[in-house]
Structures are given as C-alpha cells and as structure tokens.
Amino acid sequence: QVQLVESGGGLVATGDSLKLSCAASGRTIMSSAMGWFRQAPGKDREFVAALTYSGGTSYYADSVKGRFAISRDVAKNTVYLQMNRLKSEDTAVYYCAGDFRRTSYTSSYYMVPTSYAYWGQGTQVTVSS
C-alpha cells in the first residue's frame with residue numbers, strides 16, 4: 001500500500017524560503033510521476049510542480065516558476081519542493097501526489113489532480129505579509 005507523508009510546512013515571512021518533503025512508502029518513487037498541488041481556503045486545488053517518473057523533466061505553474069524547485073532523492077524515496085521568495089499568495093495547504101504508473105505522458109497530464117491516484121494528507125504553509 002502506498003503512503004505519502006508531507007512535512008516541512010510552517011509560518012514564514014514574505015521573502016523567506018521553505019522546503020517541503022514528501023516521504024513515500026510502499027513503492028519506489030522511481031516508478032512514479034510525482035506532483036505538488038496546493039489549496040487555499042475557498043479555492044480549488046491547483047497545480048504547483050511535477051516531476052516525471054524518470055526524474056528527467058519537471059513542470060511548474062507559471063505563478064511559481066523561477067521561485068520553486070521540485071527534486072527527489074531516490075535513496076530516501078522522498079520528493080522535495082524548495083520554495084524561495086515566498087509571497088502571501090503562496091499561503092495554502094500543500095499536497096504531494098503520485099501516480100505510480102511508470103509511464104510518460106504529455107505535459108498536461110501532470111498538471112491535473114485526477115492524474116494522481118495517491119495523495120498525502122497535506123502540510124500547511126502560511127506566508128505572512
């Protein structure tokens with residue numbers, strides 16, 4: 001059974017950095033596209049970043065491009081989201097997701113929540129202005 005557990009959220013000031021972690025168990029992340037999504041109060045869940053199962057290609061939402069970076073450590077079976085130059089509009093619950101299909105798709109696949117079968121419980125990120 002696949003489990004994803006996020007950590008690293010917290011309260012930071014505008015301009016600060018934060019690094020989120022997503023520890024996977026049950027299957028290797030080498031077999032999975034991994035994504036980060038976020039959801040602010042009263043808003044839909046939105047795509048933030050994704051990494052293909054090969055680890056060779058990453059995708060980012062325009063709102064975070066140049067500020068956030070997704071990466072993985074296969075030995076630790078963990079995916080990370082490094083968030084720099086945080087803004088108040090980055091405040092949300094951040095979710096890690098995986099599809100575990102060991103297949104490559106076109107870019108649009110990675111940006112849709114329904115592409116991912118497995119989700120973590122989320123971690124709160126609050127950026128104070």
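Select strands β4 (residues 34–39) and β5 (residues 46–51) in this predicted model. β4 and β5 pair in the antiparallel sense, with 5 bridges between them. To see one pairing in detail, show G35 and A50: G35 of β4 stands opposite A50 in β5.

Next, select the stretch that joins the two strands. β4 and β5 form a hairpin, and 6 residues lie between them. Pick out G42 in this turn, which has a positive phi of about 75°.

Go back to β4 and display the rest of the structure around the strand. Is β4 largely enclosed or not? Of its 6 residues, 5 are buried, so β4 is largely enclosed by the rest of the structure.

Now add strand β9 (residues 92–98) to the selection. β4 and β9 pair in the antiparallel sense over 6 bridges. Which residue of β9 is the bridge partner of M34? Select G98 to find the partner of M34.

Stay on β9 for a moment. In this strand 6 of the 7 residues are buried, so β9 too is largely enclosed by the rest of the structure.

Keep G98 selected and add strand β10 (residues 118–119). β9 and β10 pair in the antiparallel sense over 2 bridges. Here the bridge partner of G98 is Y118. G98 therefore appears twice on this tour, as the partner of M34 and as the partner of Y118.

The next stop is strand β11 (residues 123–128). β9 and β11 pair in the antiparallel sense over 3 bridges. Select A92 and V125 to see one example: A92 stands opposite V125 in β11.

While a strand is on screen, turn the view and follow its side chains. In a regular strand the side chains alternate between the two faces of the sheet.

The last stop is T123, which is found in β11. Is T123 buried or exposed? Its relative accessibility is 10%, and buried means under 20%, so T123 counts as buried.

Show what surrounds T123. Leaving aside neighbours within four places in sequence, T123 is in contact with E6, S7, G8, G9, L20, A92, V93 and Y94. A92 is the residue already seen opposite V125.

Finally, which backbone atom of G9 should be selected beside the side chain of T123? Choose the backbone nitrogen of G9, which lies 3.2 Å from a polar atom of the T123 side chain.

Conventions
Residues numbered from 1 in each chain as written. Predicted model: local features only at pLDDT ≥ 70, side-chain atom pairs only at ≥ 80, totals over all residues. Heavy atoms only, no water. Helix = DSSP H or I, 4+ residues; strand = E, 2+ residues; numbered from the N terminus. Buried < 20%, exposed > 50% of the residue type's maximum accessible area, 1.4 Å probe, protein only. Polar contact = N/O pair within 3.5 Å; in protein donor to acceptor, adjacent residues only side chain to side chain. Contact = heavy atoms within 4.5 Å. Pairing = 2+ DSSP bridges.
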